[in-house]
Amino acid sequence: MKLREIAAEAGVSLAAVSLVLNGKPGISPERRKKITQLLELNGYQVRPLADRDGAPFQNILFLKYSKHSYLVNGNPGFVTQIIDAVDQECRKHRYNLLMTAFNDFASIHLEELLEKPATMGVVLLGTEIQDDDMGVFSGCAKPIVVVDNSLSLLPFSSVTMHNEAAIFSAVKHLLDLGHRRVGFLANSIPANNDSERLSAFQNALRGCGLPFSEELVYPIFPTMDGAWESVSRLLDQGRAFPSALVANNDSIAIGALRAFKDHRLRVPQDISIVGFDGLPFAALSEPPLTTVSVSCGEIGRWAVRILHEQIQGRSGEVCKMRICTKLIPRESTAPCHPPRKHPLLLAE
């Protein structure tokens, strides 16, 4: 069980579970006992109420920001894997991990949260953050590391996936299979990662000697159900698709699979699709989805390592880290052959 599920089972807040997990006061003995039992039953190591060696508590604050939640919650398991890795790495360095979830910077008291002496630094979830949002952190004296967003033009340390290399591997996989017209299922709600992936898609095509066409970019809602609706709408309008597609994320790819099946388009016989993220459910789609796997664990672990170095004063420079990805071929891609005549299929 994840921490949020344990909180629901115990009938308490996620913050209460975090307090018990990290041996902090503020919870009644009866509730502490119940939460402790659930945590230990699910393999968590609960810190004693009195911190070891009498050392003062040092906290890392995880800020889980969601502007609209379609990306944060729309790809099941992605953000959770990052948070779990951050928590595990914090324990190695003897930090307590505290979490605050919010959807409006004006709704939380950042100064109050960050001015506490025990709060040593911040890991900020950047999945749905735009550059303009980061102005509230411009004067922050505590070190901050952003995850799942490079913020490439801003002076904030960040750890995210290598979008350019990932998209290139997806495009090359399709070209190696003989496809010569490749489309992109883009996120219709732009975020920094998505803009980087679309730009990387253009560069990958041109780098392989193929022209880029705006007509082969399809704006798709970035959740499974939303993607199904978006692709279905395009097909109902008579929009044709090429023999190969790269999707901005796995949820979009799987929604597209459903829509193509409903319209009697075959994957991979008619259309090959590559997803992005490598989430577990991608292997269970029909057909199993070829995807670019992202190590969420490495993103979370390196974020804490960088933060720890800055807290200890061993590094004061802004660090931009990109974690490499891995293409996982499955049954949603196949060698290209002359397309059958169909009004919804583009000729090669």
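This is a short selection-by-selection tour of the structure above, which is a predicted model.

**Stop 1: the six-stranded sheet**

Start by colouring S7, S6, S8, S9, S10 and S12. In that order they make up an open sheet of 6 strands, and the pairing is mixed. Now look at the two ends: S7 (217–220) and S12 (326–328) are the edge strands, and each has a single partner, so one side of each has no neighbour in the sheet. Turn the view to follow the twist, which averages 20° from one strand to the next.

Zoom in on the S12 end. S10, residues 290–293, pairs with S12 in the antiparallel sense, over 3 bridges. Select Val-292 and you'll find Leu-327 of S12 standing opposite.

Next, add helix H6 (residues 163–176), which packs on this sheet. H6 touches S6 (182–187), S8 (244–247), S9 (272–277), S10 and S12. If you draw directions for H6 and S9, they make an angle of about 165°.

**Stop 2: S5 and S11**

Leave that sheet and pick S5 (residues 157–161) together with S11. These two run parallel and are joined by 4 bridges. Ser-158 is a handy marker here, standing opposite Lys-320 in S11.

Now show the side chains of S11, residues 320–323. Which residues are on the covered face, and which on the uncovered one? Met-321 and Ile-323 are on the covered face, while Lys-320 and Arg-322 are on the uncovered one. That reads as a neat every-other-residue pattern because side chains in a regular strand alternate between the two faces of the sheet.

**Stop 3: helix H8**

Select H8, residues 224–236. Here's a quick geometry check: at 1.5 Å a residue, its 13 residues should span 18 Å, and the end C-alpha atoms are indeed 18 Å apart, so the two values agree.

Colour the buried residues of H8 next: Gly-226, Ala-227, Ser-230, Val-231, Ser-232, Leu-234 and Leu-235. What do they pack against? Show S7 and H9, and you have the partners of those buried residues. Then step past the end of the helix to Gly-238, which follows H8 and has a positive phi, near 90°.

Stay with H8 for one more pair. Asp-225 and Arg-258 meet through their side chains in a salt bridge, at 3.1 Å from N to O. Asp-225 belongs to H8 and Arg-258 to H9 (residues 250–262), so this bridge links distant parts of the chain, 33 residues apart. Arg-258 has a relative accessible area of 35%, which makes it partly exposed.

**Stop 4: more salt bridges**

The whole structure holds 11 salt bridges. For the next one, select Glu-89 and Arg-305, whose closest N and O atoms are 3.2 Å apart. Glu-89 is in H4 (residues 78–92) and Arg-305 is in H10 (residues 296–311), with their positions 216 residues apart in the chain.

Is Glu-89 buried or exposed? It is buried, at 4% relative accessibility. Arg-305, on the other hand, is partly exposed, with a relative accessible area of 25%.

Stay on H10 and select Arg-301 with Glu-298. Their side chains form a salt bridge at 2.9 Å, N to O. The two are 3 residues apart in H10, which means about one helical turn separates them. Arg-301 is partly exposed at 21%, and Glu-298 is partly exposed at 24%. Then bring back Glu-89 and Arg-305 and add Lys-92: salt bridges with shared partners join these three into one network.

**Stop 5: two buried residues in H1 and H2**

Finish at the start of the chain. Ala-7 sits in H1 (residues 3–10) and is buried, at 4% relative accessible area. Beyond residues up to four places away in sequence, Ala-7 touches Val-12, Ser-13, Leu-14 and Val-17. If you measure across to Ile-108, 101 residues along the chain, you should get a C-alpha separation of 22 Å.

Last selection: Ser-18, in H2 (residues 14–21). With a relative accessible area of 10%, Ser-18 is buried. What does its side chain reach at 2.8 Å? The backbone oxygen of Leu-97. Setting aside neighbours within four places in sequence, Ser-18 is in contact with Leu-97 and Leu-98.

How values were computed: Residues numbered from 1 in each chain as written. Predicted model: local features only at pLDDT ≥ 70, side-chain atom pairs only at ≥ 80, totals over all residues. Heavy atoms only, no water. Pairing = 2+ DSSP bridges. Axes fitted to C-alpha atoms, helices over the stretch in contact; angles between N-to-C directions. Contact = heavy atoms within 4.5 Å. Buried < 20%, exposed > 50% of the residue type's maximum accessible area, 1.4 Å probe, protein only. Salt bridge = Lys/Arg side-chain N within 4 Å of Asp/Glu carboxyl O. Expected span 1.5 Å × (residues − 1). Polar contact = N/O pair within 3.5 Å; in protein donor to acceptor, adjacent residues only side chain to side chain.
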